[in-house]
There are 2 protein chains.
Amino acid sequence: MKMEERKQQILQALILDYIATGDPVGSRTIARKYKLGVSSATIRNEMADLEELGLIEQPYTSAGRIPSQLGYRYYVDCLMERKPLADSVKKYIQDTLLDKIKETESLIQLASKLLSQLTNYTAIVMAPTYGKNVLRHVQLLPLENNKVVLVIVLDNGHVEHRTLDFSLSLRGEDFERLSAILNAHLRGLSLEQWKSGVFQAIYHELDYQKRLLNQVMELVENVLSVEYESKVYLGGALNILNQPEFKDVEKVKVILELLEEERALKEVLGMGQELGISVKIGTENPHEGMKDCSLITATYELNGKVIGTLGVLGPTRMEYSKAVSVVDFLTSALAEGLRKL
Amino acid sequence: MKMEERKQQILQALILDYIATGDPVGSRTIARKYKLGVSSATIRNEMADLEELGLIEQPYTSAGRIPSQLGYRYYVDCLMERKPLADSVKKYIQDTLLDKIKETESLIQLASKLLSQLTNYTAIVMAPTYGKNVLRHVQLLPLENNKVVLVIVLDNGHVEHRTLDFSLSLRGEDFERLSAILNAHLRGLSLEQWKSGVFQAIYHELDYQKRLLNQVMELVENVLSVEYESKVYLGGALNILNQPEFKDVEKVKVILELLEEERALKEVLGMGQELGISVKIGTENPHEGMKDCSLITATYELNGKVIGTLGVLGPTRMEYSKAVSVVDFLTSALAEGLRKL
DNA sequence: TTTAGCACTCAAGAAGGGGGAGTGCTAACA
DNA sequence: TGTTAGCACTCCCCCTTCTTGAGTGCTAAA
């Protein structure tokens, strides 16, 4: 869409002012605050045009104008200046994120916390999805009073454990033997290779422990079969309470309930799977309840493969410029953190 | 505190009505709805007395009365009828909770979900604190591209794992040997028994892997030293949004922020450590922001030892009777679930 | 094409009344 | 002595009315 220079300037001024104040913006305000060298009457005429184009709208007759969804879209696509983050902020992010990395989970949690702190919006980070699960190691460990811990380690480093009940008392060596036998048969298996034959083979060697074996096999099969669902981490979920457009409890409720439901979150986040940064404004979002929200997402990579998404959720009246910068930089910082891991 | 029969009846009627409707209750309403056999004028006189006793108060002149904090306290202590849960509800709880128990964590999560569903308030469940940590098992497992998973299992069944970077490439058998050596030296150790001597001994056997050993030892020491903090589980945190007294976003914010902060939650929950059911009304709670909330808690046991607390948080205008019943029954159901585990 | 001027619109806030629920008091009654 | 009917009074709530002011659209002149 091509548009006269001045119209663009006015649209930009109006959007910036509305984002900053939250009040409808009038022609006089624009003439006074943003020196465009024309009078308010001229601006008024242009604004009438902009309204006709559907880029701005009046909440009611004789109020100022506010950006329409389309207006935000035009701003984000054509007008917005993407100024990079200040070096100090970049450094802060890197220091926080790359300093004491322990494991994927805490790294991602940290990223979501950072994201919400820096933007004052709600951060959503979707963790990597695991691929095909191959069994790396199985270990049975006895605890006191007839409890056994079963630890299952997958090739991708994922660890799962479960406490099982166990009536017969075996000695420590027995468990070593049991683990060894299980490992010998199960190591390297993925679900596709899972056959009843495996069970038979182990069953043969361990028929004196039928019940325990059953439990173990069931669990192992479970762990293998779970296509590890990507977990979603939230940061600053309550930040929307600070937004004046969400001073109504009913509105807040809709959003917070949405955020509580992991499934919905994935749906919402899953949309922006195109590469690079995606900005979804208002009803562009898949979820009805998000019609007053915008979502800025970006995917992050590891070894050239997209492994997750991260984003910020705020009101449509959002500081797009800043949010985009933060999301952009955090994406690369997170990718770097993951690579170092 | 002793009080005339009729005053008690009026207080009870007033509280029940106020809990049900949320509106200040007038003398006429009580006379009409609760057949006490006296006229509204008489009730008016009694209500004046009750106000003088500090049990009820007027929001403003010539409105009805509402219970004061003291009034609720009197009601809970002296007037409230504790009717047991319906059998169907009991069965529902038991079926849900005892059916497919996998492990402590999901059991407790389920309990908190049940608690919030049944009461429509917010459920808070504090999980068992772990005692002294004794190392049960250490396992090193190689993954692809120079990564190693270190799995640490404690005597209480707790499993911790971490992915380590690792430059030298060793073969599978080497890891088995490494694990075996580590286990031989470390198994059964608690933090008190942790001595530099241990390190020296292993170091001796494994001097060719100094760096990895360093990482492992650091991590093991870490895991042992963490006094496993009791985790807190929330259920139905957004239920307070349904309460008319929390239709103001500012109030909601205070509570939700409180709920988000684990430390504060523990403090709040930690108060009611006396045995049995504890009801904290309004400012009896330790936290300023909870002055309009009541908290009903109870401790649950395993093997005769208190291992956790569970409770519901609602407005001071709370269905105490029902909430107490649910908390009471759920406490025993959860204890049974844990015992069976 | 731009601008000044002007009439017009409409939300928000202040002001002013009823209406109504509820009270306290008083006097009569059982 | 306790209970009740009656009544004046209080004060929130809701409705209407009025005013204010920001902002607009239109018109005519520069």
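# Notebook: two copies and DNA strand D

I began at the DNA: a base oxygen of DNA strand D sits 3.2 Å from a polar side-chain atom of A:Arg44. I count such a pair as a polar contact when two N or O atoms lie within 3.5 Å; within protein, one must be able to donate a hydrogen and the other to accept it, and residues adjacent in sequence count only if both atoms are side-chain atoms.

Before going on, I noted that this is a predicted model, where local features need pLDDT of at least 70, side-chain atom pairs count only at pLDDT 80 or more, and totals for chains, interfaces and linings use all residues. Residues are numbered from 1 along each chain as its sequence is written, chains are lettered from A and ligands numbered from 1 in the order in which they are written, and side-chain values use heavy atoms, with hydrogens and water left out.

**More on strand D.** I looked at chain B too. The side chain of B:Arg44 has an N or O atom 3.3 Å from a base oxygen of DNA strand D. B:Thr61 goes to the backbone instead, with a polar side-chain atom 3.2 Å from a phosphate oxygen. Helix 2 (27-33) and helix 3 (40-52) of chain A, plus helix 3 (40-52) of chain B, are the elements that give two or more residues to the surface near the strand. Helices here are DSSP runs (H or I, at least four residues), strands are E runs of at least two, and both are numbered from the N terminus. Helix 3 of chain B gives the most, four residues.

How many residues surround DNA strand D? I found 21, and the closest are A:Ser27, A:Arg65, B:Arg6, B:Thr42 and B:Ser62. Near means that a heavy atom of the residue lies within 4 Å. Of the strand's atoms that come within 4 Å of the protein, 73% belong to sugar and phosphate. By class I get five nonpolar, 12 polar and four charged residues. Ala, Val, Leu, Ile, Met, Phe, Trp, Tyr, Cys and Pro count as nonpolar, Asp, Glu, Lys and Arg as charged, and the others, Gly among them, as polar.

**Aromatic pairs.** My search of the whole structure gave four over all chains. Rings of Phe, Tyr and Trp (its six-membered ring) pair if their centres lie within 6.5 Å; planes under 30 degrees apart are stacked, over 60 edge-to-face, the rest tilted. One is the tilted pair of A:Tyr72 and A:Tyr320, at 5.6 Å centre to centre and 50° between the planes. A:Tyr72 is in helix 4 (residues 69-79) and A:Tyr320 in helix 12 (residues 320-340) of chain A, so this pair ties together parts 248 residues apart in sequence. A:Tyr320 is buried at 0% relative accessible area (buried is under 20%, exposed over 50%, partly exposed in between; 1.4 Å probe, protein chains only). A:Tyr75 and A:Tyr320 have ring centres 6.5 Å apart and planes at 65°, so I logged that pair as edge-to-face. A:Tyr72 is buried as well, at 4%, and A:Tyr75 is buried at 3%. Ring pairs join A:Tyr72, A:Tyr75 and A:Tyr320 into a cluster.

**The two copies.** I laid chain A on chain B: a turn of 180° and a shift of 0.0 Å along the axis give an RMSD of 0.2 Å. The copies are thus related as by a two-fold rotation axis. The fit is by least squares on C-alpha atoms of residues with pLDDT of at least 70 in both.
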